[in-house]
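Hi everyone, thanks for coming. Please take a moment to look at the sequence and the structure before I start talking.

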Amino acid sequence: MKTIAVIGSCDTKYREVAYMRERIETEGLRVLVLDTATGPGMSYGYDVSREEILKSAGVSMEEMASKTKGEKIRLMTDAVTKYVEMLYKARKIDGILAAGGLQNTVMATNAMRSLPIGFPKVMATTVACGGRTFGPFVGEKDIVMIPSICDFTGMNLVIRRILDNACACCAGMVRTAGRVLEKGDRPVVGMTLMGVTNTGACAAAEELERMGLEVVGFHATGTGGVVMEQMAEDGLLDGILDLTIHELTSEFFGGGFSYSREAKNRLVKSVRNRIPLVISLGGLDFVDFAPDAFLPRMEERVFMYHNAEMAHIKILPDEAEKLADRVLERLEKIDYPVKLLIPTDGMRHNTRKGEELYCRKVDEILTRKIGSVRNPNIACITIPGNLDTKEWGIQAAHFMAEELKERGVL
């Protein structure tokens, strides 16, 4: 019988946990409740006690007693993550489910992130609402986050319905899907894109697929590039066509729609793992902010509204100089052969002469400085035209295929 692990604080949330057990068992599945309570109260209805979970990580309840609340949560988070990893490796669980507020969400999703893509993971949470971002909880994994609508203060008409759906969601995945992501027979290329580089990127993907490769596209708006590099580290990608490095611009500005603290890993993990790599400058020339968070010196800038809530803002020449230096810092650390593709007429759409984000000076600074990289491991190749065109994308695909052949993948 397949088993779903349920993570819960069985002191304050034992009623919700008991309800989830009942709902999952009616689906014909087994339940394994892991108690992650950190308070002094009694726990009820668990299968694995908090003492056992902590003990598996070398921590005793006596040690926990002297800690602050934050320290207790950190210790339990680490302990339950290790315990869940152990259960998965021993093939004792087929899915994982949790419900609760911030504390339980932090602990449960940390454990869920230790599991591979494709393994069923469901979190019903108070966190999935309002202006909160999911990045700190979901990370690079496929965790289903279900808004709880109200707080978990016991069973009521709202919580029952939310937990019904969360249990059905996890049970459905376990019964009918739930297969861990594995590579097939074809080589797999990860590729970054966004709406402003979509035409060129899709043309590249179609060309690579025509050559017999499988292509996975990643939306370079704060998380896509990070997830791609993690998948490369996990051995799920054979090569990377990093056409759109816009996340580095948002990292430079420290904000914007595409900003993510995890962007510090862009052009780091893939390089560390020496994966066949072709890089270009897609989206490097602009940053995206809402009108109520516009940058200083807007009177000097050209910009266009992407929609009512977001504007694409061309960076200024002095900013381009500094951003180019930052990109060069990462490129100079590459210690194996890669290709760098430089477009001559824009790094995204709407940037050619007469279009809304045209600024030849900014584009020339970025392409000139980055294209003058001194690292002998980098083959710098100029491709005439705008990156966001079919013709440009097709040429980029051929350079990716060439890199794979040189590295023995094709």
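I'll walk you through a few places in this structure, one at a time. Please keep in mind that this is a predicted model.

Let's begin with helix α1, which covers residues 14–26. Tyr14 is found in this helix. Is Tyr14 buried, partly exposed or exposed? Its relative accessibility is 33%, so Tyr14 counts as partly exposed. For that label, the value has to lie between 20% and 50%.

Now look at who keeps Tyr14 company. Together with Met42 and Tyr44, Tyr14 forms a nonpolar patch on the surface. The three residues share about 340 Å² of accessible area.

Just before the helix there is a loop between β1 (3–8) and α1, and Ser9 lies in that loop. Ser9 counts as buried because its relative accessibility is 7%, and the cut-off for buried is under 20%. What does Ser9 touch, if we don't count residues up to four places away in sequence? The answer is Tyr14, Asp35, Thr36, Ala37, Gln103, Asn104 and Met107. So you can meet Tyr14 again here, as one of the residues that Ser9 touches.

Next, the aromatic rings. How many aromatic pairs does a search of the whole structure find? It finds six. One of them joins Tyr14 and Tyr44: the ring centres are 5.1 Å apart and the planes are at 55°, so the pair is tilted. This pair links distant parts of the chain, with Tyr14 in helix α1 and Tyr44 in the loop between β2 (30–35) and α2 (50–56), 30 residues apart. Tyr44 is partly exposed because its relative accessible area is 45%.

Another pair is made by Phe303 and Tyr305, and this one is edge-to-face. Here the distance is 5.8 Å centre to centre, with 80° between the planes. Phe303 has a relative accessibility of 32%, so Phe303 counts as partly exposed. Tyr305 is partly exposed too, with a relative accessible area of 47%. If you follow the ring pairs, they link Phe294, Phe303 and Tyr305 into a cluster.

Let's move to helix α10, residues 246–253. How many of the eight residues in α10 are buried? Seven of them are, and the helix is mostly covered. The buried ones are His246, Glu247, Leu248, Thr249, Ser250, Glu251 and Phe253. Their cover includes the strands β7 (214–219), β8 (239–244), β9 (277–282) and β10 (286–289), along with the helices α9 (224–233) and α12 (317–331). After α10 comes Gly254, which has a positive phi, near 70°.

From Leu248, let's jump to Lys390, 142 residues apart in sequence and 24 Å apart in space, C-alpha to C-alpha. Lys390 sits in helix α14 (residues 390–406). Lys390 is exposed because its relative accessible area is 55%. Leaving aside neighbours within four places in sequence, Lys390 is in contact with Thr199 and Ala203.

A last word on cysteines. How many disulfides does the structure hold? Zero. Take Cys169: the nearest cysteine sulfur is that of Cys170, 6.9 Å away, and Cys169 is in no disulfide. Cys169 is partly exposed, with a relative accessible area of 26%. Cys380 also counts as partly exposed, at 35% relative accessibility.

That's my tour, and thank you for listening!

Definitions and conventions: Residues numbered from 1 in each chain as written. Predicted model: local features only at pLDDT ≥ 70, side-chain atom pairs only at ≥ 80, totals over all residues. Heavy atoms only, no water. Buried < 20%, exposed > 50% of the residue type's maximum accessible area, 1.4 Å probe, protein only. Helix = DSSP H or I, 4+ residues; strand = E, 2+ residues; numbered from the N terminus. Contact = heavy atoms within 4.5 Å. Patch = residues over 30% accessible without salt bridge, like charges linked within 9 Å, V, L, I, M, F, W, Y side chains within 5 Å. Areas by Shrake-Rupley, 256 points an atom, 1.4 Å probe, with all protein chains shown as cover. Salt bridge = Lys/Arg side-chain N within 4 Å of Asp/Glu carboxyl O. Disulfide = S-S within 2.5 Å. Phe/Tyr/Trp six-rings, centres within 6.5 Å; stacked < 30°, edge-to-face > 60°.
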